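Me: I am new to reading structures, and I would like to learn how the words used for them are earned. Could we go through one together?

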Amino acid sequence: MQLTISGLTKTYPNGVQALKGIDLTIQQGLFGLLGPNGAGKSSLMRTIATLQEADSGSIFLDDLDVLKEKSQVRRILGYLPQEFGVYPKITPEVLLDHIARLKGVDNGKERKELVGALLNRVNLYTDRKKNLGTFSGGMKQRFGIAQALIASPKLIIVDEPTAGLDPAERNRFYNLLSELGENTIVILSTHIVEDVRTLCSDFAIICQGEVLQHDQPDDAVKDLDGNIYSKIITKNSIEEYRSKYQVISVQIKGGNLTIRIYAESDPGDGFIAQPAILEDVYFHQISGRMNVITL
Amino acid sequence: MFFEIFLFEIRYRIKRPATWIYFFVFLLFGFLSISTGSSPASEKVMHNSPWVLAEANVLFSMLGMLICSAVMGVPLYRDIEHSTRNYFFSFPITKGGYFWGRFLGSFVFVLLIGTGFSWGAMIGANLGPVLGWVVPERIGHYGLWNYFQPYFVFAIGNLFLSSTIFFALVSITRNVKVIYSASIFLLIGYLLANFLVSDLEKRELVKLLDPFALNTFQLETRFFTPVEKNTLLTPITRVILLNRLIWLGVGTLIIAYAYLRFSFQKFLQPENISARKAKKMLNEEPVSHIIKPVHQDFSSTNTRSIWWTLAKLEFLNIIKDNYFKAILGGGIVYLLIDYWIGNTYYSVPDRPLTVFLMDFKGYNYSIFIFIILLFYTGEAVHREKTTKFNILNDAFPVSNIVFFLSKLVGLFAIAFVLTFIPIIAGVLVQLLKGYTQFNFNVYFTEMYLLSYPSYIQMILLCFAVHAIMNNKFGGYGVAMLIWIGMFLLRAYGRMDYNLFFYFYTPDYRWTDMNGIGHFMEPQNWFNFYWLMLGALLVVISFLFYQRGIVGGMSERLRVAKERFGTWPKILITVFFLAWIASGAYIYYNVSYLNNYYTATENRSHTALYEKSLKKYENLVQPKVTAVYVKADIFPDERKVLINARMMIKNKSAVPIKELHLSADQNLNYTILYNGKTIAYINPVTYPFSKFTFFRKGQDTLNYRIYKLPASLNPGDTAVIEVNSKLENHGFRNSGLSRDIVKNGTFYSGGIPSFGYDHSVELESDEYRKKNGLPVKNDDLPLQGDPKGVSQLLFNDDADLVHFEAIVSTTKDQIAVAPGYLQKTWEEKGRKYFSYVQDTPIQLFFSIVSAKYEVLKDAVTISDGRKINIEVYYDKQHPFNLNRFVSAYKDGLEYFSKVYGPFQFRQMRLLEFPRYAGFAQSFPNTVPFSESFAWVADFKKPDDFDYLYFVTAHELAHQWWGHQITPNATRGSNIISEALAEYTALILTERKYGRDNMKRFLKDELDTYLNGRGNESKKENTFINSNRPYEWYNKGSLVIYGLRDLIGDTGVNTALHEFRDSFALKENPPFPGSNDLYAFLKKHTPDSFQYYLKDTWEKITLYENKLIKATAKSTGKDEYDVTVEVTANKLYADSTGKESIAPMKDYIDIAIFAEETKDKQGRKQVNPIYIQKYKLDAGKHVFTIHVKGKPIKAGIDPYNKLIDRIPDDNVGDVDIK
């Protein structure tokens, strides 16, 4: 199974161009989507999830035209949006059952088992009789994960799924994702770059509605190996370094201001060679587009 | 600190669009009511007069409660809603600064919004005449203060009270939703309280305790005459001042209490809603962690079942909603109260007939239904979006149509529940009242064939609007605009073409006698028409139904195009065609078969009639001398055929060359003159209605001028034979067209009348001016006018005539016309009745036909003759027959004894359907409406026996009206109506006792004072009466008061002599008001002549008042009572301007013991002292020695005199 996106564009009524001709081919397995806020990740994901029209371009899931045959797509879709609401006065058990019903699971017994298992997997089983209105942010997020997994979807789209989860819950979620079998396309967007490295077989960086890079995490990191250098500097010399070198990030490490740069060869000047990490790839790509240095 | 918060609040509010929307809504109301001349002012009152503005200010500031709840609810709640309270209170602010800053900052805007009406009124008053929307004469020139004085007197206090309540509620409950329900309940509660205290007795208390001073204002100014309404700024009377002080005080207490209770700590605590509710943890049963593959079914069977589940869910979501329950609860409370109280006449309730209940469910309950349907349709459409669940929901594999239809069906089910409630409530009320003629057929037809379709129409439109708008508040806004727009167009634009007003249908009325009758057909057509349009709109809205994320307009259009597949195409075509086709059929019925004209067009036709034909007003026409009628009634076809042979005679001194005949527009007729057809012309035509798009040419006014083959010379006679046909084709836009119905025909037309009829002329001077006609003063010629005295008031086509009628109808009905039944027979399956009136009567008859039961009785009157009494009634209404009979018997005996012989051998009373609500006296025949008295439930001994009173009145007309036939001069109607009303009072007095007449007299007095207060032209003196409030109400009081002075004998002798001089005169001159006056004068001693003059020739009002009454015990059961009173007499001119009159008049001073009950349990008034005193103006003190404990005392206690403020005449005696 393969998801082919080609030439996808979208301009919002307020003039914002969210997608500027996205071309991507996504294979089975976990696919990570990286990008700064407002890059168009959510727009892309909503379009794949049949919730938004595109202006032009196409999306095909094998032979299935996602933009046209929405109802077919919805049958095999699991979607966890970045932001969503629930009915405050009913319990997760009831709402999951209702959603399963809408997803075509007509056998009541099957539904009951499914809901129980899902609640277990997202660690909400003990809270299943509480009203959703009383849930904390993390609990609600876990509920969202549970509903996205109903009826073994073939196409799973999860937008910032780990936002608001504590580290333990995050791990639990990643385990769940990695179990999802070979036959599924999982598209995952996140801010946590290292998660993509550990989880995803494939990833893309998008920024300002364009795909900047589409690669396998290891390959991408390998490409930068030997070109990353770092140095501890003082705060008022940042501008000087920025003018001299291609700075990809400025971070505080152990109380010291550390600068990482990209260079074809050792720049000297007190810089120390560093092994490349995926974050370098990310910053390297988007630093050309926007000022990502916040310090 | 206070100022920063205060200013912050102001800056916040000033930027809110809502603030300005509220303001402009009020402004618009003010503007429209004045600029279009739509205020409730009667014609002599300026639309912008102080009184109108004051009433509007009181009303709108009361309704402003809803705005107060919206504006005053948010200032504190904002900090909860946006969680700003979590840090806001860490700033160095003081409690006082915060609380008062927020309160006053918002209250300033409430005050500002409250001025909207006054500004609008001022603009409207200035622009209205310029735009030509209102005649300049109706706009007074007033200063700024005129517009704002009522705002200061009433509105500020009302707004303050509401504001404090709502602000306090939020500060205490920290919940804003409570406000919305509180405002609705406060409004309901207030209206309800108003309703419950409408009792006459407690007015003074009501004036003080009305928190919004609505009753205070209305009661204090209730008898204002036009002049007073135009000139007097709202008087700040003691009671108004007290009322305002009380409620300002209450408001202050409320806000002070809220301030004292308010603390930051409490306000900060989260509203832990569900912590309490969290359920105990359940025992953990082992559940698998393995997510097994499941089977998914997307078959159409399962789709249907999902659809059904969703619909059920939608239904339950609404049903379980607390606000739904609250609003519906409010509706049910109203429904039950409306049902319970039911129809009352003179405070006597009718039995709870199902047909009545069906009216009431259309009052208050329907407002709640409207709110529910409007509100919950939006809720349903936007349910997922409101909770942001849509982002999940819309990605589920459920098709658009399933989501869409499930919501619609859920709403339809809600509507079904709403239609079922009136049935349950109705049966419950009927059972509780011990009434068991449930008439389920009526319930179910009304609720499911008439109401349910209209609820569905409402849902369809709102649903379509919300689906297309895709924004909840936008949707509400547009939906409200549509309804308000239609309301304004109908109310202000005076449009009533139902085909153009979504959801409107023609009038209809249930009756017990005739069921839903001929109204079902138009109802069905209109309902079908609107349902088709609703369905069409919903299908279109489906194309635009938004799923997922909102895109731009062009995207929505693209999506709509994609969705416009086979089914939408078919449905849109079908609904569109069905809508257009039914519309065309309705249009054909309303505009072609029944020539619909707008009200404005009708008025211009009336004006045209007057302009073109007034010149014939004095044209001499022959008089009818005998009428032989053959009438064939076809109730099922709603048709009547009449053949009338009329003998005519030229009773004048000039030859008659032309015959002018005028008849109802719908009447088709031909005439034969002396057996031959003669030619005629129609002098007046006018264009068809502007709504009659496809018909060219002119419509013809049914006024014909026949040229006679040879002049009808003085003394000559001729025969006219009229063949007329009245049919009802199709249905009309409005109106009941009640004449010929399936069961309960009551028809008094069928024969054209002679010449020009001034009574159809436009009455309102405003409309007359618009149509280019001069002002009309409504006055007949002066008394003694030779032409006037030679004509009869009720019908100038004849003097007295000989009358015979043969009436036929269907086999199961009885047909009745005036006269004695000669024989009945059957022929070709129809039943015939032949009536002959062997003594002359006026040309004033009706034919009646229905399925009747007949009660026969008889009474022997003073001259030894036996009079047959017959009551024709519907078999469902046998309740009060004996009361009718006893009124007839008492009246026939007494009237024939004191006023003169009864001219007939029979007296009949006939029930007719409640399409009209009156009783009318024809010769020996009185049709009496179904809704009036037949079904009254006289249970309480003190109930006002209006059945007896009204029956006596109609019977009295056999003397006053049918023996004494008033001429056509000024005020002559008093010899019919005032005498009938007076003699009915006397008959009632004979039955209920002289001391118990206050109830009746007070009623007459109130009606008179109200009547003159709403006079639209000028008030005449009594002898020149030209208004019902004079004929009936003033008339009965004036003669009753005279009798009180000169005694029974005096009045009875005068009336007897008057009758003897004029009764049954077959030839002119006929009597007028001056003739009666002369007889009364003759029998009034000199000492009382002042009273006659005051009451007949002047407009006289008294201001009599008890100041105080005290008593001292002077022995066992003996007291000295000191009564302090003031007396004043005023003369008013025709506009209501008053001047003080000198007086030395006889007025009762009375002292009363405790009220008791008589044997029948009736309340009995017990005067221990009542004496007439000759009083001059000013204060008087009497000390009176009485036996028995004095309880009340007063001046003119029974309201025999016309007293401007009748309520303050009697008061409690203070015993020391």
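Reply: Happily! This is a predicted model. In it, the centres of domain 1 of chain A and domain 2 of chain A are separated by 34 Å, taken over C-alpha atoms.

Me: What makes residues of domain 1 and domain 2 of chain A count as being in contact?

Reply: Two residues are in contact if their C-beta atoms, placed from the backbone, lie within 7 Å. Ten residues from domain 1 of chain A and five residues from domain 2 of chain A take part in the contact.

Me: Which elements give two or more residues to the side of domain 1 of chain A that touches domain 2 of chain A?

Reply: They are α7 (193–199), β9 (202–207) and β10 (210–215) of chain A. With four residues, α7(A) gives the most.

Me: How many residues on that side of domain 1 of chain A are called nonpolar, and what puts a residue in that class?

Reply: Seven are nonpolar, while one is polar and two are charged. Ala, Val, Leu, Ile, Met, Phe, Trp, Tyr, Cys and Pro count as nonpolar, so each of the seven is one of these.

Me: And how many residues does each chain bring to the contact of chain B and chain A?

Reply: Chain B brings 38 residues and chain A brings 45 residues. On the side of chain B that touches chain A, α15 (300–319), α20 (390–393) and α25 (553–563) of chain B each give two or more residues. The largest share, three residues, comes from α15(B). By class, that side of chain B has 19 nonpolar, twelve polar and seven charged residues.

How values were computed. Residues numbered from 1 in each chain as written. Chains lettered and ligands numbered in written order. Predicted model: local features only at pLDDT ≥ 70, side-chain atom pairs only at ≥ 80, totals over all residues. Domains from an automatic or database assignment.
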